[in-house]
2 protein chains.
Amino acid sequence: MTSAATIAKTPAPPYYAVIFTSQRTDFDQGYGQMAERMIALVFQMPGFLKVESVRNTDGLGITVSYWQSEDAIRNWKAHSEHRIA
Amino acid sequence: MTSAATIAKTPAPPYYAVIFTSQRTDFDQGYGQMAERMIALVFQMPGFLKVESVRNTDGLGITVSYWQSEDAIRNWKAHSEHRIA
């Protein structure tokens, strides 16, 4: 049932997840580039564990990132707003 | 960017999420039926808010259910293990 390449192996709890749901449309041309930059950034962040991302053929996507602590998430959000938005 | 039919409208925090990631294979014939029963059940549970579910063409799926409280999640898990597993 599991696929090592795609399903995150998470450590023993507690750990923390950020869920991002999005509907891709024909009009968000810049979205793919921004998402790529965000994913490149996330791998470098302290406390980052794993990311899982699925998008279906209707363009609906769910991305879940897993973190060691809530502080790591706050730090990532502050950093990514500064760098990307 | 949003689609009312598919992206959950969640209330003001705090609320709680359960993330379920799965890789569908050719061998799990009973899986679809069990998933259908679980989704039918979840809508009846106290404290249930919304569910989002995406599966891509590789069979990788992420389902996120949102709940009013951790107690509601515990109750749902106890109930669903009893009824389904």
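Author: Two strands count as paired if DSSP finds at least two bridges between them. Keep in mind that this model is predicted.

Reader: OK. How many bridges join β1(A) to β3 of chain A?

Author: Eight. β3 covers residues 60-67, and the two strands run antiparallel.

Reader: Which residue is the bridge partner of A:Tyr16 in β3(A)?

Author: A:Trp67.

Reader: What order do the strands of the sheet have?

Author: β1-β3-β2, all in chain A. The sheet is open, has three strands and pairs antiparallel.

Reader: Why is one side of β1 and of β2 left without a neighbour in the sheet?

Author: β1 (16-23) and β2 (48-55) of chain A stand at the edges. Each has a single partner strand, so one side stays without a neighbour in the sheet.

Reader: By how many degrees are neighbouring strands turned against each other?

Author: 10 degrees on average, direction ignored.

Reader: Switching to pockets. How much space lies in the largest pocket?

Author: About 1000 Å³.

Reader: Which lining residues are closest to its centre?

Author: A:Tyr16, A:Ala17, A:Ile19, B:Ala17 and B:Ile19, out of 27 that line the largest pocket. A:Tyr16 is also the residue that bridges to A:Trp67.

Reader: And which elements give two or more residues to the lining?

Author: β1 and α2 (70-83) of chain A, plus β1 (16-23) and α2 (70-83) of chain B.

Reader: Which one gives the most?

Author: β1(B), with five residues.

Reader: What is the lining like by class?

Author: It has 18 nonpolar, seven charged and two polar residues.

Key
Residues are numbered from 1 along each chain as its sequence is written. Chains are lettered from A and ligands numbered from 1 in the order in which they are written. This is a predicted model: local features need pLDDT of at least 70, side-chain atom pairs count only at pLDDT 80 or more; totals for chains, interfaces and linings use all residues. Side-chain values use heavy atoms; hydrogens and water are left out. Helices (H or I, at least four residues) and strands (E, at least two) are DSSP runs, numbered from the N terminus. Axes are lines fitted to C-alpha atoms, for helices over the stretch in contact, and angles run from 0 to 180 degrees between N-to-C directions. On a 1 Å grid over the protein atoms alone, a cavity is a set of points where a 1.4 Å probe fits but cannot get out, and a pocket is an open set with protein on both sides within 12 Å along at least five of seven lines; lining residues have an atom within 4 Å of a point. Grid points are joined across faces, edges and corners, and a volume is the space filled by probe spheres set on the points. Ala, Val, Leu, Ile, Met, Phe, Trp, Tyr, Cys and Pro count as nonpolar, Asp, Glu, Lys and Arg as charged, and the others, Gly among them, as polar.
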